[in-house]
Amino acid sequence: MKLYNSLTRKREDFVPNHPEIVKMYTCGPTVYHYAHIGNLRSYIMEDILDRYLRYSGYNLKRVMNITDVGHLTSDADEGEDKMLKGAQREHKSVMEIAKFYTDAFFSDCAKLGIRTPDVVEPATNCIDDYIRIISKLMDTGYAYFAGGNVYFDTSKLERYYVFNDFSAEDLDVGVREGVEEDTNKRNKNDFVLWFTKSKFEDQALKWDSPWGVGYPGWHIECSGISMKHLGEDLDIHCGGIDNAFPHHTNEIAQSESYLGHKWCNYWMHVLHLNTKGGKMSKSKGEFLTVSLLEQKGYDPRAYRLFCLQSHYRKILVFDWENLDNAQLAYSKLIARIAALKPGDGELDQAAFDALKKRFTDALDNDLNTSLAVTALYDVLKYQTNDATKLAAIADFDSVLSLDLIARADKKREELKKQTVTAGEFTIVSESGESDAEVEAKIRARQDAKKAKNYAEADRIRDELKAAGIEVTDIPHGAKWKRI
Ligand SMILES: [Zn+2]
């Protein structure tokens, strides 16, 4: 399998460190608000990587953090406390907010067909791990104490800008207006490992440490949690592209300085979901959540299909028309699969293998999900029996996770019921009596309804009512009573 590695900026063969296990780490959500669908694009594409590695026979262990402390809006270590802001907005405690939005995040993931990583670790569970790493960085001279906080000293590194060719001038552009420069830093890119002097009043969560009562910086979370569960090396680290700098850059800086060797081999970054106006964010424009899509009548899996139709390293542009198209494509796909007959023929292994090869060729090529979806349509067009087609679709869907088989089964059942209804129309009276004249009129009313002659159907109903007969529709028929 070839995977684009952001670290080398090349497509490389994926070779795990240890043949018996693949170790993968994903930066998780900050749980102070609902996730917007732009962030969820990253989780969908990481889920494809997760599922495809397992599908390809790797024994995967995947870890994800939940940021329930740290919480800064800015990429720099300045800004506001997101968790506290969320808590104040909703008049809840910080931990109540974290629990509520963690549950909301996983509920959204389930709707989008995203499997939960093997280990999900809240950042507040691992304070001792961060303290151990920071202590060693202090001992070895990679960190310093200034103005009440512990900082990582980026001047001690041979190479800091690992993912890009940023220059100091470029970084100035990224500095947000109204954010004060932290004068305790020795170098511009130094970042906080441990805060005791919070810029935020009423910092809610604090722990004792060798440097005073305080809380960890954001970046140290992911290094600490990854090492706790996956040890001193990592095969793949994933995240959204906006995590590449400075978050992932800082993760590498502190992890490799602590370990004294290379930490992670492959870095996968998913590009943004943009609206036509630019990058989607929580603070700008319409706040697009899974719940909002559902309220507007979209199936969350149609959004997943929309994401899969594009490559993860391309910016994807969202608008409602594009989502309408995906919704329509998804419904049609389900209908076409529902039209296949289960048990039609024996599995044709040669056809199955030929179809599967198209699918794996697509995903082996840096997760080309758009071609993998094409391979799914190829199955429907292929000259083979329905049993083979359904087997191939079920196989592919273990990676694509579009819930195709279950939805098609449901659709097939619905169609079957409709056929039964059309064939059988039963008339019952509440008292148990039978009346040929009344029944004939009810049947005539049903025929008129079937012919869409609703005026005639209503006329017959009124005629019956005038004769003291009330008719009620029931599944597959009608019941009547004398009033
Ligand atoms: Zn992270």
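Here a trainee and a mentor talk through a predicted model of one protein chain.

Trainee: Let's start with confidence. What pLDDT does the chain average?
Mentor: Good place to begin, since this model is predicted. Of the residues, 90% score at least 70. The chain average for pLDDT is 89.

Trainee: Over which residues does pLDDT stay under 50 while the model has 2 contacts beyond four places in sequence?
Mentor: Two stretches are worth looking at here. Residues 72-78 stay under 50, but the model has 20 contacts beyond four places in sequence for them. Where pLDDT is low, the predicted coordinates should not be read in detail. The stretch with 2 such contacts is residues 172-178.

Trainee: Now the start of the chain. Which residue has a positive phi although it is not a glycine?
Mentor: Look at the hairpin of β1 and β2, which has 4 residues between the strands. β1 (2-5) and β2 (10-13) are joined by a loop, and the two strands pair in the antiparallel sense over 4 bridges. The residue in that loop with a positive phi of about 55° is Arg9.

Trainee: Which residue in β2 does Leu3 stand opposite?
Mentor: Stay with that hairpin, where β1 and β2 pair in the antiparallel sense. Find Leu3 and look across to β2. The residue opposite is Glu12.

Trainee: In the open sheet of 4 strands, which strands stand at the edges?
Mentor: Follow the order, β6-β7-β8-β9, with antiparallel pairing. An edge strand has a single partner, so one side of it is left without a neighbour in the sheet. The strands in that position are β6 (143-146) and β9 (215-216).

Trainee: Which residue of β7 is opposite Tyr144?
Mentor: β6 pairs with β7 (residues 149-152) in the antiparallel sense, over 4 bridges. Tyr144 faces a residue in β7. That residue is Tyr151.

Trainee: Which peptide bond is cis?
Mentor: Look for an omega near 0°. The proline involved is found in helix α7 (residues 244-259). The bond runs from Phe245 to Pro246.

Trainee: How does α4 stand to α7, roughly parallel or roughly perpendicular?
Mentor: The axes of α4 (residues 127-139) and α7 come within 9 Å and cross at roughly 70°. An angle from 65 to 115 degrees counts as roughly perpendicular. That makes the answer for α4 and α7 roughly perpendicular.

Trainee: How many nonpolar residues does the contact of α4 with α7 have?
Mentor: Ile133, Lys136 and Leu137 in α4 meet Gln254, Ser257 and Tyr258 in α7. By class, 2 of the contact residues are polar and 1 is charged. The nonpolar count is 3.

Trainee: At what angle do α9 and α10 pack?
Mentor: Helix α9 (residues 300-308) and helix α10 (residues 320-338) have their axes 8 Å apart. They are roughly perpendicular to each other. Among the contact residues are Tyr303 and Phe306 of α9 and Leu323 and Tyr330 of α10. The packing angle is about 105°.

Trainee: How many charged residues are in the contact of α1 with α9?
Mentor: Helix α1 (residues 37-55) packs against α9 at about 70°, with the axes 10 Å apart. Ile37, Arg41, Ile44 and Met45 in α1 meet Tyr303, Arg304 and Cys307 in α9. These divide into 5 nonpolar, no polar and a charged count of 2.

Trainee: In the open sheet of 3 strands, which residue of β17 stands opposite Val428?
Mentor: The order is β15-β17-β16, with mixed pairing. β15 (426-429) and β16 (469-474) stand at the edges. β15 and β17 (residues 477-482) pair in the parallel sense over 4 bridges. Opposite Val428 is Lys479.

Trainee: Which helix lies across β15, β16 and β17?
Mentor: Look for a helix over residues 436-450. This helix runs at about 140° to β17. Its name is α15.

Trainee: What distance separates the end C-alpha atoms of α16?
Mentor: Helix α16 (residues 454-466) has 13 residues. At 1.5 Å a residue, the expected span is 18 Å. The model agrees, because its end C-alpha atoms are apart by 18 Å.

Trainee: Which residue just after α16 takes a positive phi?
Mentor: Move just past the end of α16. A glycine there has a phi of about 85°. That residue is Gly468.

Methods. Residues are numbered from 1 along each chain as its sequence is written. This is a predicted model: local features need pLDDT of at least 70, side-chain atom pairs count only at pLDDT 80 or more; totals for chains, interfaces and linings use all residues. pLDDT is the predictor's confidence in each residue, from 0 to 100. Two residues are in contact if their C-beta atoms, placed from the backbone, lie within 7 Å. Two strands pair if DSSP finds at least two bridges between them. The expected span of a helix is 1.5 Å times one less than its number of residues. Axes are lines fitted to C-alpha atoms, for helices over the stretch in contact, and angles run from 0 to 180 degrees between N-to-C directions. Angles under 35 degrees count as roughly parallel, over 145 as roughly antiparallel, 65 to 115 as roughly perpendicular and the rest as oblique. Ala, Val, Leu, Ile, Met, Phe, Trp, Tyr, Cys and Pro count as nonpolar, Asp, Glu, Lys and Arg as charged, and the others, Gly among them, as polar.
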